[in-house]
Amino acid sequence: MPIEQWLEAIPPLLVYVIVGLVIGFESLGIPLPGEIVLVTASLLASQHDHLSPLWIGVWASAGAIIGDNFGYLIGRRGGPRLFAWMGRKFPKHFGETQVEHARRVFQKRGAWAVFFGRFIALLRILAGPLAGSLHMNYGKFLVANALGGVVWAGGTAAAVYYLGVVAEKWLKGFSYAGLTIAVVAGGIGIFVVKRRLAKAAEQELEGKEEVTPA
């Protein structure tokens with residue numbers, strides 16, 4: 001069953017909880033489709049009055065912040081063992097090359113990597129554990145993590161929701177098939193924009209000349 005149909009079949013509170021949990025576990029270091037779940041839930045909210053985009057954004061932000069904090073603690077206590085285990089279980093996501101690249105970015109950019117990492121798939125998963133394993137100052141991590149989580153999760157939920165609302169109003173006199181096509185097209189447009197934002201964030205992290213202390 002597609003994610004959107006599955007989310008439509010369950011109560012609103014459970015949708016919020018699922019969004020928060022999936023994003024939380026993704027932020028903890030587990031490769032789950034957090035962004036897909038967030039975008040899907042936000043699109044559903046634009047078409048169903050019983051779902052609130054505000055609560056989707058709140059739960060998504062909370063999941064991102066809490067998950068990263070647990071990831072930080074886990075990385076601080078057992079970073080090398082954690083990355084070795086993740087490399088064995090998920091070699092495509094956490095191979096030695098990917099982890100080493102992310103580590104270099106964090107060593108060079110510090111708290112900026114935590115904030116901008118929210119918009120980059122690999123860093124979004126590794127941010128908490130990497131920051132902990134590198135013993136980044138917790139105060140700096142906490143602020144960057146909270147700001148990044150709110151901007152990414154809240155901003156994504158709001159943007160997707162309002163795009164869905166505009167599409168539905170524009171096609172109100174058309175068939176549901178037309179509405180579906182518009183929503184899918186809008187989703188693709190958001191995906192392209194987010195990919196460009198992620199690329200820009202990555203270039204921002206790699207292009208700074210000064211070294212930000214951790």
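The legends below accompany an overview and several close-up views of a predicted model.

**Figure 1. Overview of the protein chain, which has 10 helices and zero strands.**
Along the sequence, the elements follow the pattern α-α-α-α-α-α-α-α-α-α. The protein chain has 214 residues, of which 46% are buried. Its exposed area is about 11,400 Å², and carbon and sulfur atoms supply 67% of that area. Among contacts with a separation of 6 or more, 79% join residues 24 or more positions apart.

**Figure 2. Confidence along the protein chain, with an average pLDDT of 76.**
A pLDDT of at least 70 is reached by 71% of the residues. Helix α2 (residues 12-28) has the highest confidence, at 91, and helix α10 (residues 176-207) the lowest, at a mean of 56. Over residues 208-214 pLDDT stays under 50. For this segment the model has 17 contacts beyond four places in sequence. Predicted coordinates should not be read in detail where pLDDT is low.

**Figure 3. The salt-bridge network of E26, E35 and R124.**
In the whole structure, a search finds three salt bridges; two of the pairs are described in this legend. The side chain of E26 meets that of R124 in a salt bridge with an N to O distance of 3.5 Å. Because E26 lies in helix α2 and R124 in helix α8, this pair ties together parts that are 98 residues apart in sequence. R124 also forms a salt bridge with E35, at 3.8 Å from N to O. That pair links distant parts of the chain, with R124 in helix α8 and E35 in helix α3 (residues 34-47), 89 residues apart. E26 has a relative accessible area of 4% and is buried. R124 is buried as well, with 5% relative accessibility. E35 is partly exposed, and its relative accessible area is 23%. Side chains of opposite charge can pair when their charged atoms come close.

**Figure 4. The salt bridge between D68 and R118.**
The closest N and O atoms of D68 and R118 are 3.1 Å apart. D68 belongs to helix α4, while R118 sits in the loop between α7 (111-117) and α8, so the pair ties together parts that are 50 residues apart in sequence. D68 has a relative accessible area of 1%, which is under the 20% cut-off, so D68 is buried. R118, at 2% relative accessibility, also counts as buried.

**Figure 5. The aromatic cluster of W112, F115, F116 and F119.**
Ring pairs link these four residues. The count of aromatic pairs comes to seven. In one of them, the ring centres of F115 and F116 are 5.4 Å apart and the planes stand at 85°, so the pair is edge-to-face. The two rings fall on opposite sides of the 20% cut-off for burial. F115 has 21% relative accessibility and therefore counts as partly exposed. F116 has 16% and therefore counts as buried.

**Figure 6. A nonpolar surface patch of about 520 Å².**
The patch is made by L13, L54, W55, V58 and W59. Helix α4 (residues 53-89) gives the most to the patch, with four residues. W55 is found in this helix. With a relative accessible area of 46%, W55 is partly exposed. The C-alpha atoms of W55 and Y16 are 6.8 Å apart in space, although the two residues are 39 residues apart in sequence.

**Figure 7. The backbone at H135, a residue other than glycine with a positive phi.**
The phi angle of H135 is near 55°. Most residues other than glycine have a negative phi. H135 lies in the loop between α8 (121-133) and α9 (138-170). At 49% relative accessibility, H135 counts as partly exposed, because a residue is called exposed only over 50%.

Notes: Residues are numbered from 1 along each chain as its sequence is written. This is a predicted model: local features need pLDDT of at least 70, side-chain atom pairs count only at pLDDT 80 or more; totals for chains, interfaces and linings use all residues. Side-chain values use heavy atoms; hydrogens and water are left out. Patches are made of residues with over 30% relative accessible area and no salt bridge: like charges are joined within 9 Å, nonpolar side chains (Val, Leu, Ile, Met, Phe, Trp, Tyr) within 5 Å. Accessible areas come from the Shrake-Rupley method with a 1.4 Å probe; for residues, only the protein chains shown count as cover. A salt bridge is a side-chain nitrogen of Lys or Arg within 4 Å of a carboxyl oxygen of Asp or Glu. Helices (H or I, at least four residues) and strands (E, at least two) are DSSP runs, numbered from the N terminus. Buried means under 20% relative accessible area, exposed over 50%, partly exposed in between (1.4 Å probe, protein chains only). pLDDT is the predictor's confidence in each residue, from 0 to 100. Contact means heavy atoms within 4.5 Å. Rings of Phe, Tyr and Trp (its six-membered ring) pair if their centres lie within 6.5 Å; planes under 30 degrees apart count as stacked, over 60 as edge-to-face and the rest as tilted.
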